[in-house]
Amino acid sequence: KTGNHAWLKIVQEAIGDVTWFVTWLKPEIKESRHEYIGCKMKFFSSSWLHRKSWQLFYKPGFAWRWKRFYRTYATIASYLSLFSFSFFRSLKKDKPDILFVQEYCSGRFDVLVLFARLLRIPVLTFHAGSTPDKYLGKFLRRYTIPRADWIFSSGQGELNMLLHKFGVPSQRLNIIRPPVDTAIYKPFCREQACHSLGLDP
């Protein structure tokens with residue numbers, strides 16, 4: 001299970017019902033329930049343009065030659081993937097109380113901010129480890145990151161960057177460390193740890 005699963009499990013159990021929206025090239029089901037989190041999952045086809053661009057990039061036998069163009073493709077695809085009419089229609093119909101967005105490093109974040117503004121839905125996002133040099137479509141991030149209603153930073157360095165580089169108001173920032181299951185991951189004595197792994201203390 002990833003940190004993202006842990007985040008959603010906390011929200012599902014302690015705050016309210018989660019609906020996880022998933023875009024797919026060719027979904028075979030419309031809805032399901034996540035076995036670990038317990039939340040509802042809704043599946044949607046990505047936009048027609050996204051599906052076609054995926055096929056053009058990956059399907060040809062010589063696609064491996066295009067590796068050097070991957071970043072350009074990934075940037076374009078990150079914007080196209082969510083421009084799905086069925087996805088937007090579902091957001092409009094369900095009108096969630098808040099959009100909880102993993103990361104703000106790609107065009108998906110920008111599209112979700114746009115949809116949220118159109119539908120008047122607050123956007124909450126959290127930092128999962130990205131760095132500005134790896135952002136896809138980073139020229140737009142200076143406009144979209146400050147428009148998030150709340151950002152959970154993973155540490156002081158990220159928080160300072162959001163404050164000073166992107167101008168996010170301090171009252172919309174918090175530091176929350178990645179969730180860890182302390183029933184599994186917890187400190188215990190060095191000798192016992194070494195012994196359990198067969199290591200010389």
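Is H34 buried or exposed? H34 is buried, because its relative accessible area is 14%, under the 20% that marks a buried residue. The points below deal with this residue and with other parts of what is a predicted model.

1. Surroundings of H34. The residue sits in the loop that runs between β2 (31–33) and β3. Beyond the residues up to four places away in sequence, H34 touches H5, W20, C39 and M41. A polar atom of the H34 side chain also lies 3.2 Å from the backbone nitrogen of Y36.

2. Overall make-up. The protein has 201 residues, and 40% of them count as buried. Its secondary structure consists of eight helices and seven strands. The C-alpha trace spans about 55 × 50 × 35 Å along the principal axes. If contacts between residues at least 6 apart in sequence are taken, 56% of them join residues at least 24 apart.

3. The largest pocket. This pocket holds about 1200 Å³ of space. Its lining is made up of 39 residues, and those closest to the centre are L8, T19, L99, F100 and V101. By type, the lining divides into 25 nonpolar residues, seven polar and seven charged.

4. Which elements build the lining. At least two lining residues come from each of α1 (3–14), β1 (19–24), α4 (85–94), β4 (99–102), α5 (107–119) and β5 (123–126). Which of the elements gives the most to the lining? That is α1, with six residues.

5. Strand β4. In a regular strand, side chains alternate between the two faces of the sheet. In β4, L99 and V101 form a covered face, whereas F100 and Q102 form an uncovered one. Both L99 and V101 on the covered face, and F100 on the uncovered face, are among the residues closest to the centre of the largest pocket.

6. Pairing of β4 with β5. The two strands pair in the parallel sense, over four bridges. Across the pair, V101 stands opposite T125, and Q102 stands opposite F126. Unlike β4, with its uncovered face, β5 is covered on both faces. V123 and T125 lie on one side of β5 and L124 and F126 on the other, and all of them are buried.

7. L112 in helix α5. L112 is found in α5, and the residue counts as buried because its relative accessibility is 12%. Outside its neighbours within four places in sequence, L112 is in contact with L82, F87, L99, V101 and V123. Two of these partners, L99 and V101, make up the covered face of β4, and V123 is one of the buried residues of β5. As a distance check, the C-alpha atoms of L112 and W54 are separated by 20 Å, with the two positions 58 residues apart along the chain counted as their spacing.

8. R117, also in α5. R117 lies in helix α5 but counts as partly exposed, because its relative accessibility is 41%. With its neighbours within four places in sequence left aside, R117 is in contact with R147 and D149. R117 and R68 are 49 residues apart along the chain, and their C-alpha atoms are separated by 35 Å.

9. K42, a buried lysine. K42 lies in strand β3 (residues 40–45). Why does K42 count as buried? The reason is its relative accessibility of 11%, which is under the 20% limit. The side chain of K42 is joined to that of D94 by a polar contact of 2.7 Å. Leaving out neighbours within four places in sequence, the contacts of K42 are T19, W20, F21, V22, K30, E31, S90 and D94. One of these, T19, is also among the residues closest to the centre of the largest pocket, and W20 is touched by H34 as well.

10. Helix α3. The helix covers residues 70–80, and its buried residues are Y73, A74, T75, A77, S78, Y79 and L80. What covers these buried residues? The cover includes α2 (48–58), α5 and α6 (138–144). Helix α5 thus appears here as well as in the lining of the largest pocket, to which α5 supplies at least two residues.

Conventions: Residues are numbered from 1 along each chain as its sequence is written. This is a predicted model: local features need pLDDT of at least 70, side-chain atom pairs count only at pLDDT 80 or more; totals for chains, interfaces and linings use all residues. Side-chain values use heavy atoms; hydrogens and water are left out. On a 1 Å grid over the protein atoms alone, a cavity is a set of points where a 1.4 Å probe fits but cannot get out, and a pocket is an open set with protein on both sides within 12 Å along at least five of seven lines; lining residues have an atom within 4 Å of a point. Grid points are joined across faces, edges and corners, and a volume is the space filled by probe spheres set on the points. Ala, Val, Leu, Ile, Met, Phe, Trp, Tyr, Cys and Pro count as nonpolar, Asp, Glu, Lys and Arg as charged, and the others, Gly among them, as polar. Buried means under 20% relative accessible area, exposed over 50%, partly exposed in between (1.4 Å probe, protein chains only). A polar contact is a pair of N or O atoms within 3.5 Å; within protein, one must be able to donate a hydrogen and the other to accept it, and residues adjacent in sequence count only if both atoms are side-chain atoms. Contact means heavy atoms within 4.5 Å. Two strands pair if DSSP finds at least two bridges between them.
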